[in-house]
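Have the chain open in your viewer and work through these exercises at your own pace. Try each task before reading its solution.

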Amino acid sequence: MAKKRPQSKAGKQQLKDGEIPVVGAREPCPCGSGRRYKACHGRAAAQAVTELVHRPFEGLAGECDWVALRELVPAATVELTLKDGLPEGVPSVKLATVLPMAWPALRRDDGSVLLALQNDTSSGDLSRDLADTLQRALEAEPGTPVAARRVPADGPRLQDLLDPDAAFEPEVHSGFEFWVPDAENATAEVSASLERANAAAIPTTLLSGVDAAYWCETPEKNHLRWVMPHPEEQLLDALARLHAAGTSSLGDDTRLVGSFRAHGLVVPVWDLPSSMGAEACEKPAVEFAERLATALASDAPLTAEERRARGGLTNRQVTLS
């Protein structure tokens, strides 16, 4: 029986890491190693894609509002400013909480772009996924949606594309009519999606006196959900001091009930009576912000009562992402 001749690697072109193209996981690695891509250069690429970035919006203007629009707010839009300005033929770029048919992005007939924030993503870095979608939307033909795809591990992030000094000012909507310029003449498919979305949307209002605090109405009671930028341990200590002192509420029949943890930030939540609207929250929220600032500045050890309050808050904390 003839012996198999050993494969020679000398004649194969050796590529640098930065030049290795992406191929199927079970295909031979283009580097010429003789191994499958998933066991060679694909291993590092896969790890980079799946590695979770805990604060994907860190460094962006309005980080707290990015988190709120991603996790808490049903219908909202924000005008986005690109570092390099708008490309020719693109009159505007807007961030939207969600788009019809769960499209990741949409290039409208007039060339403007809508980028959806609440879609599922393919990697562990939400910022990189959104940046990839945004870039493809800017190059898409007018009048077409942008489909989801697997994002390259070395692609840009939102922090690379957006102007960090531009204002980030969410506009909260009562419904999703912003999806189409003329809702009355929308297609049957879009109209049906619009009707379903409006029926499921929880009435939500952004408070004007403090940053990133969102009032919402539910059938049994109302809530205030406030995304805060402070380090988690420091914030929980401060909330515990206020809770133990009986000053963590927003007035009569209101109660700090716990918090969410989302994208590296903490979101305290208050239960409010159904009679307390968004406007009635404004003054109590400003007064609470002043009390919180004082509590955050304290470096005294927690008392036994404050430690118990902190434990209760921690036990009622839910991680969203």
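What follows is a short set of tasks, each with a worked solution.

**Before you start**

This is a predicted model, in which local features need pLDDT of at least 70 and side-chain atom pairs count only at pLDDT 80 or more, while totals for chains, interfaces and linings use all residues. Residues are numbered from 1 along each chain as its sequence is written, and side-chain values use heavy atoms, leaving out hydrogens and water.

**Exercise 1. Find out how confident the predictor is along the chain.**

Step 1. Begin with pLDDT, the predictor's confidence in each residue, from 0 to 100. The chain averages 89, and 88% of the residues score at least 70.

Step 2. Now look at residues 1–17, where the pLDDT is below 50. Beyond near neighbours in sequence, this stretch has 11 contacts in the model (contact means heavy atoms within 4.5 Å).

**Exercise 2. Locate the largest nonpolar core and the elements that supply it.**

Step 1. A nonpolar core is a set of buried Ala, Val, Leu, Ile, Met, Phe, Trp, Tyr and Cys residues joined through side-chain atoms within 4.5 Å. Buried means under 20% relative accessible area, exposed over 50%, and partly exposed in between, with a 1.4 Å probe and protein chains only.

Step 2. The largest core has 38 residues, and the members touching the most others are Phe57, Trp66, Leu95, Leu134 and Val227.

Step 3. Elements supplying at least two residues each include helix 2 (63–71), strand 2 (93–96) and helix 3 (126–139). Helices (H or I, at least four residues) and strands (E, at least two) are DSSP runs, numbered from the N terminus. The largest share, 6 residues, comes from helix 3.

Step 4. Select Leu95: beyond four places in sequence, its contacts include Trp66, Leu69, Val78, Leu115 and Phe168.

Step 5. Another core, of 25 residues, lies apart from the largest one; Leu224, Trp226, Val266 and Leu272 are among its members.

**Exercise 3. Work out which strands pair with strand 1.**

Step 1. Two strands pair if DSSP finds at least two bridges between them. Strand 1 pairs with strand 2 in the antiparallel sense over 3 bridges, and there Glu79 stands opposite Lys94.

Step 2. Strand 1 also pairs with strand 6 (residues 171–172), antiparallel over 2 bridges. In this pair, Thr77 faces Glu171.

**Exercise 4. Trace the open sheet of 6 strands.**

Step 1. Follow the order 7-8-9-11-10-12, in which the pairing is mixed. At the edges are strand 7 (204–206) and strand 12 (317–319), each pairing on one side only. From one strand to the next, the twist averages 25 degrees.

Step 2. Strand 7 and strand 8 (residues 213–217) run antiparallel, joined by 3 bridges; Thr204 has Cys216 as its bridge partner.

Step 3. Helix 7 (residues 278–297) lies across strands 7, 8, 9 and 11, at about 40 degrees to strand 9. Here axes are lines fitted to C-alpha atoms, for helices over the stretch in contact, and angles run from 0 to 180 degrees between N-to-C directions.

**Exercise 5. Decide whether Asp271 and Asn119 are buried or exposed, and find a polar partner for each.**

Step 1. Asp271 lies in strand 11 and counts as buried because its relative accessibility is 14%. Its side chain makes a polar contact of 3.4 Å with that of Lys221 (a pair of N or O atoms within 3.5 Å; within protein, one must be able to donate a hydrogen and the other to accept it, and residues adjacent in sequence count only if both atoms are side-chain atoms).

Step 2. Asn119 is in the loop between strand 4 and helix 3, and counts as buried because its relative accessibility is 12%. A polar atom of the Asn119 side chain lies 2.5 Å from the backbone oxygen of Ala102.
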